[in-house]
Amino acid sequence: MTTELFLRYLHFISIFAIVGSLVSEHMLLQKQLTRSAIAKIARVDAVYGLAAITLLSAGLTLWLGEFGKPAVFYTKNWIFHTKLTLFVLIGLLSIYPTIFFIKNSKGNPDEIVTIPKSVFMMIRLELLLLFIIPMLAGLMSRGVGFFGN
Ligand code: HEM
C-alpha cells in the first residue's frame with residue numbers, strides 16, 4: 001500500500017513537472033531568440049526529460065510490479081495501450097526540439113537565432129496529446145476498455 005501510494009505520488013508529481021516545463025518552454029519560445037535564451041529553454045527541456053523518465057519508471061512499476069491491481073488489468077486494456085501510444089508519440093515529437101535547443105545553445109550567447117515553425121508546432125502538438133492522456137488514465141483505471149475475462 002505504501003509503495004503503491006509512493007508510486008502514484010511520483011507519477012503525479014512527474015506529470016506536474018512535465019506540464020509545467022512544457023508550458024514554460026512554449027511561453028519562452030519566440031520567433032527569434034538569442035543563444036543564451038535558447039540555453040535557458042534547453043535547461044527547462046532537461047527538467048522535462050527527467051520528469052518523463054520518472055513518470056515512465058513509476059508507470060511501468062505500477063503496471064508490472066503489481067503493487068495495486070494485477071498487471072493483466074492494464075495489459076488487457078486497449079485504452080491503457082492508447083495512453084502508452086500517446087506517451088511514446090509525445091516522446092518522439094520532443095526529439096527534434098530537444099536536439100535543436102541543445103545545438104543552438106552553443107556559441108556566441110548574444111547571437112540571434114531564428115526558431116523554425118516546426119519547433120513551435122511540435123511543442124503545441126505535444127501539449128495537445130498530453131491533455132488527452134489524463135482522460136484515458138481515468139477511464140482505464142476504472143476498467144473501461146478491459147478486454148480480458
Ligand atoms: C504523460 C503521460 C501520462 C499521464 C498524463 C498519466 C496520467 C495518469 C493519471 C492521471 C493516472 C491516475 C488515474 C486514476 O487514478 O484515475 C494514472 C495512473 C496510472 N498510470 Fe499514467 N500517465 C502517463 C503515463 C503513463 C505511462 C507511460 C505508464 C506506464 C508505462 C502509466 C501507467 C499508469 C498506471 C499503471 C496507473 C494506475 C492506474 C490505476 O489507478 O489503476 N502512465 N496515469
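**Helix α2 and its surroundings in a predicted model**

Helix α2 makes a left-handed crossing as it passes α4. In this predicted model, the two axes come within 8 Å and cross at roughly 145°. On the α2 side, the residues involved are Arg 35, Ile 38, Ile 41, Ala 42, Asp 45 and Ala 52, and they meet Gly 91, Thr 98, Phe 101, Ile 102 and Asn 104 of α4. Sorted by class, this α2–α4 contact is made of 6 nonpolar, 3 polar and 2 charged residues.

Stepping back to the whole protein chain, the secondary structure amounts to 5 helices and 2 strands. Starting at the N terminus, the order is α-β-α-α-α-β-α. Along the principal axes, the C-alpha atoms fit a box of roughly 60 × 30 × 20 Å. Of the 149 residues in the chain, 22% are buried. Contacts in the protein chain also reach across the sequence: among those with a separation of 6 or more, 85% join residues 24 or more positions apart.

Back to α2 itself. This helix runs for 30 residues and covers 43 Å from first C-alpha to last, close to the 44 Å expected at 1.5 Å a residue. Its buried residues are Ile 38, Ile 41, Ala 42, Asp 45, Tyr 48, Ala 51, Ala 58, Gly 59 and Leu 62. An α-helix has 3.6 residues a turn, so residues three or four places apart point the same way. The partners that the buried residues of α2 pack against are α1, β1, α4 and β2. Several of these buried positions, including Ile 38, Ile 41, Ala 42 and Asp 45, turn up again in the contact with α4.

Just past the end of α2 comes a backbone oddity. Glu 66, in the loop between α2 and α3, takes a positive phi of about 55° although it is not a glycine. Most residues other than glycine have a negative phi. As for its surroundings, Glu 66 counts as partly exposed because 14 other C-beta atoms lie within 10 Å.

Three residues of α1 show how varied the settings along that helix are. Glu 25 sits in α1 and is buried, because 23 C-beta neighbours fall inside 10 Å. Leaving aside residues up to four places away in sequence, Glu 25 touches Ile 41, Val 44, Asp 45 and Ile 123. Ile 41 and Asp 45 are themselves among the buried residues of α2, and Ile 123 is one of those buried in α5. Measured in sequence, Glu 25 and Ile 38 are 13 residues apart, while their C-alpha atoms are 9.8 Å apart in space. His 11, also in α1, is partly exposed, since 18 other C-beta atoms lie within 10 Å. With residues up to four places away not counted, His 11 touches Leu 55, Ala 58, Gly 59 and Leu 62. Its C-alpha lies 8.5 Å from that of Ser 57, a residue 46 positions away in sequence. Phe 16 belongs to α1 as well, but this residue counts as exposed because it has 10 C-beta neighbours inside 10 Å. Between the C-alpha atoms of Phe 16 and Phe 147, which are 131 residues apart along the chain, the separation is 31 Å.

At the other end of the chain, α5 has 25 residues and reaches 37 Å from its first C-alpha to its last, close to the 36 Å expected at 1.5 Å a residue. Met 122, Ile 123, Glu 126, Leu 136 and Met 140 are buried in α5, and the cover over them includes α1 and α4. After α5 comes Gly 143, with a positive phi near 90°.

The ligand brings several of these helices together in one description. There are 20 residues around the ligand, and Gly 59, Leu 62, Ile 133, Ala 137 and Ser 141 come nearest. Elements that contribute two or more residues to this shell are α1, α2, α4 and α5. By class, the shell holds 14 nonpolar, 5 polar and 1 charged residues. Two of the nearest residues, Gly 59 and Leu 62, are also buried in α2 and are among the residues that His 11 touches.

Technical notes
Residues are numbered from 1 along each chain as its sequence is written. This is a predicted model: local features need pLDDT of at least 70, side-chain atom pairs count only at pLDDT 80 or more; totals for chains, interfaces and linings use all residues. A residue is near a molecule or strand if its C-beta atom, placed from the backbone, lies within 6 Å of it. Helices (H or I, at least four residues) and strands (E, at least two) are DSSP runs, numbered from the N terminus. Ala, Val, Leu, Ile, Met, Phe, Trp, Tyr, Cys and Pro count as nonpolar, Asp, Glu, Lys and Arg as charged, and the others, Gly among them, as polar. The expected span of a helix is 1.5 Å times one less than its number of residues. A residue is buried if 20 or more other C-beta atoms lie within 10 Å of its own, exposed if 12 or fewer, and partly exposed in between; C-beta atoms are placed from the backbone. Two residues are in contact if their C-beta atoms, placed from the backbone, lie within 7 Å. Axes are lines fitted to C-alpha atoms, for helices over the stretch in contact, and angles run from 0 to 180 degrees between N-to-C directions. A crossing is left-handed if the near helix is turned anticlockwise from the far one by less than a right angle, and right-handed if clockwise.
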